[in-house]
Amino acid sequence: MGRKLDDLIAALPEDRRERVDARFEELRGEVESLGELRRAAGKAQAEIASVLKIKQPSVSKIEKQADMYLSTLKSYVEAIGGQLELVVRLPSRAPLRIERLGDVVAPKAVSVRRVKRAAGGRNRTKAARAG
């Protein structure tokens with residue numbers, strides 16, 4: 001007859017049991033996929049689809065993607081009731097949290113008139129074309 005895992009762990013030295021317990025807690029806090037994350041949050045794909053205003057097969061597709069926009073991941077995480085944080089760990093610094101990527105507001109369009117003024121006015125622009 002086989003031995004039980006609990007019996008094997010109980011037979012380990014105390015320091016080894018503590019390392020096993022610590023590793024178990026570490027692994028318990030990790031998930032391998034978005035689907036697993038969703039299930040940990042107690043949500044169904046249909047619920048996520050409703051929040052994101054997409055169809056359930058699209059949620060399934062998102063969960064299977066290996067690469068996606070951060071905005072898609074952020075929306076997905078918020079739909080399951082979470083908050084996405086992006087942390088950068090550099091060797092010589094404490095962890096840095098990125099609040100936002102890129103510009104929040106689209107840059108203003110530069111008008112042709114503004115470009116002409118920057119180039120020295122209309123006359124200069126006409127002269128440059130003629131010469």
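A residue counts as buried when its relative accessible area is under 20%. By that criterion, 11% of the 131 residues of this protein, shown here as a predicted model, are buried.

**Whole chain**

Begin with the complete chain, coloured by secondary structure. The view should show 8 helices and 2 strands. Followed from the N terminus, the elements come in the order α-α-α-α-α-α-β-β-α-α. Consider next the contacts between residues at least 6 apart in sequence: of these, 31% join residues at least 24 apart.

**Helix α2 and Asp21**

Select residues 14-28, which form helix α2, and pick out Asp21 within this helix. Is Asp21 buried, partly exposed or exposed? Its relative accessibility is 47%, so Asp21 counts as partly exposed. Now add Ile9 to the selection and draw a C-alpha to C-alpha distance from Asp21: the two residues stand 9.7 Å apart in space, with a separation of 12 residues in sequence.

**Helix α4 and Gln45**

Move on to residues 45-52, helix α4. Gln45 belongs to this helix. With a relative accessibility of 16%, Gln45 falls under the 20% limit and therefore counts as buried. Which residues does Gln45 touch, once those up to four places away in sequence are set aside? They are Arg38, Gln56, Val59, Ser60 and Glu63. For orientation, display residues 56-64 as well, which make up helix α5.

**The loop after α4**

Select Lys53, in the loop between α4 and α5. The backbone deserves attention here: phi of Lys53 is near 60°, a positive value in a residue other than glycine. Lys53 has a relative accessibility of 74%, and because exposed means over 50%, this residue counts as exposed.

**Where α4 meets α6**

Keep α4 on display and add residues 70-79, helix α6. The two helices, α4 and α6, pack at an angle of about 115°, and their axes lie 9 Å apart. Their crossing is right-handed. To see the contact itself, show side chains for Ile48, Val51 and Leu52 on α4, and for Ser75, Tyr76 and Ala79 on α6. By class, the residues of this contact comprise 5 nonpolar, 1 polar and no charged.

Centre the view on Ala79, a residue of helix α6. Its relative accessible area is 8%, so Ala79 is buried. Apart from neighbours within four places in sequence, what is in contact with Ala79? The contacts are Ile48, Val51 and Leu52. For Val51, draw the C-alpha to C-alpha distance to Ala79: the value is 5.9 Å, for a pair 28 residues apart in sequence.

**The largest pocket**

For the last stop, switch to a surface representation. Rolling a probe the size of a water molecule over the atoms shows where empty space is left. The largest pocket has a volume of about 320 Å³. It is lined by 13 residues, and those closest to its centre are Lys74, Leu84, Leu86, Ile98 and Glu99. Which elements give two or more residues to this lining? Helix α6, residues 70-79, and strand β2, residues 96-98, do so. Helix α6 supplies the largest share of the lining, with 4 residues.

Finally, colour the lining of the largest pocket by residue class. The lining has 5 nonpolar, 2 polar and 6 charged residues. To close the tour, display helix α6 together with its two settings: α6 packs against α4 at an angle of about 115°, and α6 also contributes 4 residues to the lining of the largest pocket.

Definitions and conventions: Residues numbered from 1 in each chain as written. Predicted model: local features only at pLDDT ≥ 70, side-chain atom pairs only at ≥ 80, totals over all residues. Heavy atoms only, no water. 1 Å grid on protein atoms, 1.4 Å probe; cavity = no way out; pocket = protein on both sides within 12 Å on 5 of 7 lines; lining within 4 Å. Points joined across faces, edges and corners; volume = space filled by probe spheres on them. Nonpolar A, V, L, I, M, F, W, Y, C, P; charged D, E, K, R; others polar. Axes fitted to C-alpha atoms, helices over the stretch in contact; angles between N-to-C directions. Left-handed = near helix turned anticlockwise from the far one by under 90°. Contact = heavy atoms within 4.5 Å. Buried < 20%, exposed > 50% of the residue type's maximum accessible area, 1.4 Å probe, protein only.
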